[in-house]
Amino acid sequence: MKDLSKCRNIGIFAHVDAGKTTTTERILKLTGKIHKIGEVHDGAATTDFMEQEQERGITIQSAATTCFWNDYNFNIIDTPGHVDFTIEVYRSLKVLDGGVGVFCGSGGVEPQSETNWRYANDSKVARLIYVNKLDRIGADFYRVVDQVRDVLGANALVMTLPVGTESDLKGVVDLLTRKAWIWDESGDPLKYTVEEVPADMVDKVEEFREQLIETAVEQDDDAMELYLGGEEPSVEVIKKCIRKGTINLDFFPTYCGSSFKNKGVQLILNAVIDYLPAPHEVNPQPEIDLEGNPTGEFAIVDESKPLRALAFKIMDDKYGALTFTRIYSGSINKGMTVLNTATGKKERIGRIVQMHADNREEIELASAGDIVALLGLKNVQTGHTLCDKDQPATLEPMVFPDPVISIAISTKDKGQAEKLGVALGKMIQEDPSFRVETDEDSGETILKGMGELHLDIKVDILKRTHGVEVDVGKPQVAYRETITQRTEDSYTHKKQSGGSGQYAKIDYVVEPLEPGNGFEFESKIVGGNVPKEYIPAVQKGFEQSLDKGVLAGFPCLDFKVTLIDGGFHAVDSSAVAFEIASRAAYRQTMPKAGAELLEPMMKLDVYVPEDNMGDTISDLNRRRGMISSQNATATGVHIKAEAPLSEMFGYIGALRTMTSGRGQFSMEFSHYAACPRNIKEEVIKEVLDRNAKK
């Protein structure tokens with residue numbers, strides 16, 4: 001049996017450019033996974049293996065790696081920092097037991113730090129804080145600690161203090177042991193000495209150490225009693241208290257250093273072992289039924305229990321689709337058959353591999369607490385549960401934010417349409433925040449994503465990875481039409497041109513319905529003025545006309561047609577004649593019934609710092625937005641609003657500019673509402689101009 005207490009599943013997350021990937025590189029070097037350190041700025045980092053990552057010096061997709069430190073097994077996921085790829089952070093946090101939040105010593109708590117912190121709070125993930133880049137000009141450890149407390153509302157428990165500042169950073173003082181770790185200038189992480197605290201820091205060390213112990217002993221009544229009695233608990237007892245408080249999210253042990261200069265990373269690794277939870281020490285995953293309701297059962301982290309595993313990432317590479325999977329209970333053997341509860345189908349495990357960035361090591365067995373990649377799965381998507389086929393259960397799935405921006409694309413070479421379809425299919429599987437739709441009105445392929453950079457990268461991947469060149473355009477807003485007045489009308493269709501003619505007369509009422517009711521048809525014919533067999537043809541004629549409104553050709557919604565009378569000819573009437581009559585009646589009457597243009601309204605959730613609330617609300621008002629509520633949160637203000645989709649293009653860029661990159665928003669369709677007259681006239685003119693060009 002595997003010793004779960006010696007396993008740690010951790011993620012490294014932060015704002016873009018705070019040094020996550022550099023920190024991961026140093027961890028891999030110290031744990032013996034790599035022998036030569038690759039630098040992000042050289043495009044040579046181990047976990048940044050995509051061409052686009054190496055060129056841009058940013059992390060785009062989370063990378064998993066396994067390493068060992070002091071006989072402990074670490075599964076580490078390096079996540080992206082850029083706001084457009086937060087989905088990668090979210091889905092990684094979902095399957096991790098602990099995390100290391102990296103903050104820049106000079107930049108402090110930056111916008112994306114807030115979003116990631118919010119995700120980690122939602123996922124109830126225990127965290128360490130690491131203030132990196134203290135060798136930079138303007139770096140200030142104490143200022144960043146204050147920001148963590150003020151901006152994130154997080155209780156930072158200071159565990160180390162920096163020795164020296166900026167270019168004079170020599171090492172760190174471990175407050176618990178009152179020892180200074182001092183590195184030489186060779187840049188070798190292993191060349192350090194453990195010394196006494198520098199004389200000029202003794203008072204500061206004692207002050208922070210006292211705060212540390214006072215906070216820690218609150219976790220244990222016996223330790224608290226001892227401390228209040230004037231006796232300091234042993235280092236082991238204090239460590240146990242810190243571990244308990246960290247797992248309960250009461251505070252976050254806070255470290256400092258410079259990953260680039262190889263100073264301070266060992267203490268982070270020791271802290272992961274000392275304070276972050278093992279897989280069996282976190283709350284077990286709840287199981288749900290097919291309707292998504294909790295069953296009251298939990299996936300207990302134990303390899304002797306039935307299999308419960310969550311697929312959290314699909315990655316397509318040259319060897320086929322890799323399914324990154326977190327195993328919560330039970331174990332998986334190579335070649336075994338498992339059940340995918342989302343599809344109800346069985347899947348055979350072809351191979352099991354432990355990942356080291358884009359390299360892999362094949363293993364025969366993986367068990368509870370492991371994060372591995374599986375090969376050979378056919379129909380598994382992100383968030384699907386893999387379980388024991390004889391004892392099925394579903395784990396709580398992941399909920400992904402809806403895309404906030406979309407673009408229209410078309411292939412430059414018409415012969416590549418099929419290739420584009422295959423490529424997009426693979427990309428959707430890999431990234432649940434990326435959606436593809438075909439606009440039924442325009443026939444364009446619409447790509448939807450989390451931001452301009454997100455979609456820019458997708459277009460780049462289409463070109464480089466899949467060899468598909470596309471033209472990128474702007475999508476059209478999908479307007480709709482309706483009517484506003486009840487109108488009674490009559491139409492007669494007569495055609496006589498030798499032989500049998502065509503004749504159909506219908507008297508009818510068109511009237512508006514409540515939004516969301518679509519189209520309704522009713523016949524109130526009594527007697528035989530319109531024979532029963534022709535009434536379905538009247539309904540069909542109106543239904544076929546719905547797709548093309550009379551104002552600008554957009555589909556027509558929310559109205560009712562009631563057939564009240566009519567007339568027929570014994571020889572010349574037919575179903576076709578009545579169908580033609582009702583189509584012509586639609587064109588004749590809809591303009592009389594107060595035809596109206598409807599625009600899609602979006603429901604917005606906007607998160608901004610309190611200082612930017614006024615500007616944000618003014619901007620939403622300019623975009624014809626209606627504010628429904630404003631609520632204070634730990635990291636700012638949550639504004640709920642409604643606004644027309646046509647006004648929201650480019651909003652993400654405007655919001656980031658207004659809030660210095662700290663604003664976040666999500667948007668989903670709410671309903672259709674009437675367009676103001678000036679917008680209506682503009683849209684109709686645009687459609688007429690476009691049609692004239694065709």
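How many bridges join β17 to strand β23 (residues 385-387), and in which sense do the two strands run? There are 2 bridges between β17 and β23, and the strands run antiparallel. The report returns to this pair below, after an outline of the chain.

## Overview

The structure is a predicted model. The chain holds 16 helices and 37 strands. Of its 694 residues, 54% count as buried. Among contacts between residues at least 6 apart in sequence, 72% join residues at least 24 apart.

## Strand β17 and its partners

Strand β17 covers residues 337-340, and 4 bridges join it to strand β18 (residues 345-348). These two strands run antiparallel. Within the pair, L339 of the one strand stands opposite K346 in β18. The hairpin of β17 and β18 has 4 residues between the strands, and G344 takes a positive phi there, near 75°.

The pairing with β23 is also antiparallel. Here N340 stands opposite L386 in β23.

## A sheet of three strands

β13, β12 and β24 form an open sheet of 3 strands, in the order β13-β12-β24, with antiparallel pairing. The edges are taken by β13 (294-299) and β24 (394-395); each has a single partner strand, so one side of each is left without a neighbour in the sheet.

Strand β12 (residues 285-288) is joined to β13 by 3 bridges. In this antiparallel pair, P286 stands opposite F298 in β13.

## A sheet of four strands and its helices

Another open sheet has 4 strands in the order β30-β31-β33-β32, and its pairing is mixed. At the edges stand β30 (487-495) and β32 (519-523), each with a single partner strand, so one side of each has no neighbour in the sheet. On average, neighbouring strands of this sheet are turned by 25° against each other, direction ignored.

β32 pairs with strand β33 (residues 559-567) in the parallel sense, over 5 bridges. In this pairing E520 stands opposite K560 in β33. Helix α12 (residues 535-545) packs on the sheet and touches β31 (502-512), β32 and β33. The direction of α12 makes about 160° with that of β32. A further helix, α13 (residues 575-589), lies across β30, β31 and β33, and runs at about 40° to β31.

The loop between β32 and α12 contains E533. Is E533 buried or exposed? Its relative accessibility is 57%, so E533 counts as exposed. E533 and S574 are 41 residues apart in sequence, while their C-alpha atoms are 9.2 Å apart in space.

## Helix α6

Helix α6 (residues 202-217) has 16 residues. From its first C-alpha to its last it reaches 22 Å, close to the 22 Å expected at 1.5 Å a residue.

Which residues of α6 are buried? They are V205, F208, R209, L212, I213, T215, A216 and V217. What covers them includes the helices α5 (141-151), α7 (221-228) and α8 (235-247). The cover also includes the strands β6 (156-158), β7 (160-163) and β8 (171-174).

## Nonpolar cores

The largest nonpolar core has 74 residues, and those with the most contacts inside it are F74, V148 and I242. Helix α9 (residues 265-275) gives the most to this core, with 8 residues. Leaving aside residues up to four places away in sequence, F74 touches R8, T65, T66, C67, W69, L269, V272 and I273.

Another core lies apart from this one and has 27 residues. V608, M648, M667 and I679 are among them.

## Cysteines

A disulfide is a covalent bond between the sulfur atoms of two cysteines. How many disulfides does the count come to, with the sulfur atoms of a pair required to be within 2.5 Å? The count comes to 0 disulfides.

Two of the cysteines can be described by their accessibility. C256 has 1% relative accessibility and C556 has a relative accessible area of 7%. Buried means under 20%, so C256 counts as buried, and C556 is buried as well.

How values were computed:
Residues numbered from 1 in each chain as written. Predicted model: local features only at pLDDT ≥ 70, side-chain atom pairs only at ≥ 80, totals over all residues. Heavy atoms only, no water. Expected span 1.5 Å × (residues − 1). Buried < 20%, exposed > 50% of the residue type's maximum accessible area, 1.4 Å probe, protein only. Contact = heavy atoms within 4.5 Å. Pairing = 2+ DSSP bridges. Axes fitted to C-alpha atoms, helices over the stretch in contact; angles between N-to-C directions. Disulfide = S-S within 2.5 Å. Core = buried A, V, L, I, M, F, W, Y, C linked by side-chain atoms within 4.5 Å.
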